[in-house]
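Visitor: Please pick one part of this predicted model and go through it closely. I would like the local values, and then how that part connects to the rest.

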Amino acid sequence: PANHAPLREQGALPRLIQLLMRAHQDTQRRASMGSTSSQGGYVDGVRMEEIVEGTVGALHILARDAHNRAVIRSLNCIPLFVQLLYSNIENIQRVAAGVLCELAQDKESAEIIEAEGATAPLTELLPSRNE
């Protein structure tokens, strides 16, 4: 928690969102092309899905701070978090649900989350064994 404000002040939140969006777009592009090769999707030995999971996980932790939640909401990434609830990768679903849970503490974010249609996929994830 002590590093939340310095990270925010140094612009970490927009950079994380930018990295998330690029990695997600890459995974979507590969999926639309039907690429399942073991070569595709790696940058410097890291899978793009792992970048998505890691950035959303970091945003989940950073969203525990009220100021960070407001910044994250202002970056208009809630629709992407909702979209990630439909991922084929369970860990991505888990971290997306986690960040949405944190963001939902604020009424404005909760309304956006609901408007984006997150209720159904979140309800489906309830019986998941993945924390």
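Guide: A cysteine is a convenient place to begin: C101 is exposed, because its relative accessibility of 54% is over the 50% cut-off. The other cysteine to consider is C77, which counts as buried at 0% relative accessibility. The model is a predicted one, and a search of the whole structure finds zero disulfides. For C101, the closest cysteine sulfur is that of C77, at 16 Å, which is too far for a bond. The cut-off for a disulfide is 2.5 Å between the sulfur atoms, so the 16 Å from the sulfur of C77 to that of C101 rules out a bond.

Next comes the helix packing. Helix α6 covers residues 90-103 and packs with α3 at an angle of about 25 degrees, the two axes being 8 Å apart. Angles under 35 degrees count as roughly parallel, and α3 and α6 are therefore described that way. Their crossing is left-handed. On the α3 side the contact consists of E49, V52, E53, V56, G57, L59 and H60. On the α6 side it consists of N91, I92, R94, V95, A96, G98, V99 and E102. By class, the contact of α3 with α6 has seven nonpolar, four polar and four charged residues.

Helix α3 (residues 48-62) also packs with helix α2 (residues 12-32), here at an angle of about 150 degrees and with the axes 9 Å apart. An angle over 145 degrees counts as roughly antiparallel, so α2 and α3 are placed in that class. The crossing of α2 and α3 is left-handed. From α2 the contact takes in L13, L16, I17, L19, L20, A23, H24, D26, T27 and R30. From α3 it takes in M48, E49, I51, V52, T55, V56, A58, L59 and L62. This contact divides into 13 nonpolar, three polar and three charged residues. E49, V52, V56 and L59 of α3 belong to the contact with α2, and E49, V52, V56 and L59 also belong to the contact with α6.

Two residues outside these helices have contacts that lead back to them. H4 sits in helix α1 (residues 4-9). H4 is buried, because its relative accessible area of 7% is under the 20% cut-off. Apart from neighbours within four places in sequence, H4 touches I61, L62, R64, D65 and N68. One of these, L62, is also among the α3 residues that meet α2.

R69 belongs to helix α4 (residues 66-74). R69 is likewise buried, at 7% relative accessibility. Again leaving aside neighbours within four places in sequence, the contacts of R69 are A63, R64, E102, L103, Q105 and D106. Of these, R64 also appears in the list for H4, and E102 is part of the α6 side of the contact with α3. I92 is another member of that α6 side, yet the C-alpha atoms of R69 and I92 are 19 Å apart, with their positions 23 residues apart in sequence.

After α4, one backbone value deserves a mention. N76 has a positive phi of about 55 degrees although it is not a glycine. N76 is in the loop between α4 and α5 (78-84). Its relative accessibility is 60%, so N76 counts as exposed. N76 and I112 are 36 residues apart along the chain, with their C-alpha atoms separated by 9.7 Å.

Y42 is the last stop. Y42 is located in strand β1 (residues 42-43). The relative accessible area of Y42 is 42%, so this tyrosine is partly exposed. From Y42 to S32 the C-alpha separation is 17 Å, at 10 residues along the chain.

Conventions. Residues are numbered from 1 along each chain as its sequence is written. This is a predicted model: local features need pLDDT of at least 70, side-chain atom pairs count only at pLDDT 80 or more; totals for chains, interfaces and linings use all residues. Side-chain values use heavy atoms; hydrogens and water are left out. Axes are lines fitted to C-alpha atoms, for helices over the stretch in contact, and angles run from 0 to 180 degrees between N-to-C directions. Helices (H or I, at least four residues) and strands (E, at least two) are DSSP runs, numbered from the N terminus. Angles under 35 degrees count as roughly parallel, over 145 as roughly antiparallel, 65 to 115 as roughly perpendicular and the rest as oblique. A crossing is left-handed if the near helix is turned anticlockwise from the far one by less than a right angle, and right-handed if clockwise. Contact means heavy atoms within 4.5 Å. Ala, Val, Leu, Ile, Met, Phe, Trp, Tyr, Cys and Pro count as nonpolar, Asp, Glu, Lys and Arg as charged, and the others, Gly among them, as polar. Buried means under 20% relative accessible area, exposed over 50%, partly exposed in between (1.4 Å probe, protein chains only).
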